[in-house]
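I opened the notebook today to record a few look-ups, beginning with one side chain and moving on to one strand and its partners.

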Amino acid sequence: MSRIIYVNGKYVPEQDASVSVFDRGLLFGDSIYEVTAVIEGRMIDNDLHLSRLQRSLAELGIPMPASIEGIAEIQNALITHNKLEEGLIYLQVTRGVADRNFDYDDASKPTLLGFTQAKDLRGAPAIRNGIRVAVVEDRRWARRDIKTTMLLPQVQAKREAKNQGCTEAWMVEDGFVTEGASSTAYIVTADGRIVTRPNSHATLPGCTRRALLSVAETLGLTVDEARFTIDDALAAREAFLTSASSLVTPVIEIGGRSIGDGAPGPVTRLLQATYLELAQRT
């Protein structure tokens, strides 16, 4: 059955969904996106995602296409139209349509589109068994805290990881891990501390990251927001990553070398279970 897609105020079958060839999102990547997980027909951490959407748009001077409440209504309508029980909702906002020109009109009307993807989030093999991660150079632009659709470096990183038999890539800059191609990176040290890089222009402020740090605090776990190297990761007891599409996923190998005993560790398992329990409850 065809999915129903939202495009600029209309819900249409996917084969009928379209945007102009002069949309700046297509011509320049002049656009922002967000991804929210859906479990049992309900969105997870969506207030964080919509807040980040609003911030990203403001950083680029793109007007909000609707109120926060209005966008949430669109998301819920997409869940209903597509009978989505588990999976993802994608939103994309572009600066709008205009004849090709690097400069833009401040009065441009933004384009808003949304669609769903059915996906087994909780039962994915990666969640149960962990994944292998490749190590690649970080080649992205300087404002990675803005969730733009300019994703070519991440596309290349994912392909490089795939060619190495890995699921994800951890990107490295100036000797330190920044983040995954589509995730936030963490290690668990030998003394049980969780380490993840602090937010800055160098990384995307992950919504699942923010929720997980609250979970760790609830559990009484120590979190150090600090930079770490690949050598630090290889010496760690455990490693894992988070994102809306991968929740909390164990990392069992980095750059061809096993982490810990090569299996998902107890801290990761505890965070997985507690995050899901709290997310579904709220």
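**Entry 1: serine 56**

I began with the polar contacts, and found that the side chain of serine 56 reaches the backbone nitrogen of lysine 147 at 3.3 Å. I keep in mind throughout that this is a predicted model. I then placed serine 56 in the secondary structure, where it belongs to helix 2, residues 46-60. Is serine 56 buried or exposed? Its relative accessibility is 0%, and because buried means under 20%, I noted serine 56 as buried. Setting aside neighbours within four places in sequence, I listed the contacts of serine 56 as Ile32, Asp145, Ile146 and Lys147, the last of which is also the residue of the polar contact.

**Entry 2: strand 14**

I turned next to strand 14, residues 247-254, and asked how many of its residues are buried. The count is 8 of the 8, so I described strand 14 as largely enclosed by the rest of the structure.

I then went through its pairings. With strand 7, residues 131-137, strand 14 pairs in the parallel sense over 3 bridges, and there I noted isoleucine 254 as the bridge partner of valine 133. Strand 13, residues 238-243, runs antiparallel to strand 14 and is joined to it by 5 bridges, with leucine 241 opposite threonine 249; a hairpin through 3 residues links strand 13 to strand 14.

With strand 15, residues 257-258, I found an antiparallel pairing over 2 bridges, in which glutamate 253 of strand 14 stands opposite serine 258. The hairpin between strand 14 and strand 15 has 2 residues between the strands, and in it glycine 255 takes a positive phi near 60 degrees.

Note on methods:
Residues numbered from 1 in each chain as written. Predicted model: local features only at pLDDT ≥ 70, side-chain atom pairs only at ≥ 80, totals over all residues. Heavy atoms only, no water. Buried < 20%, exposed > 50% of the residue type's maximum accessible area, 1.4 Å probe, protein only. Helix = DSSP H or I, 4+ residues; strand = E, 2+ residues; numbered from the N terminus. Pairing = 2+ DSSP bridges. Polar contact = N/O pair within 3.5 Å; in protein donor to acceptor, adjacent residues only side chain to side chain. Contact = heavy atoms within 4.5 Å.
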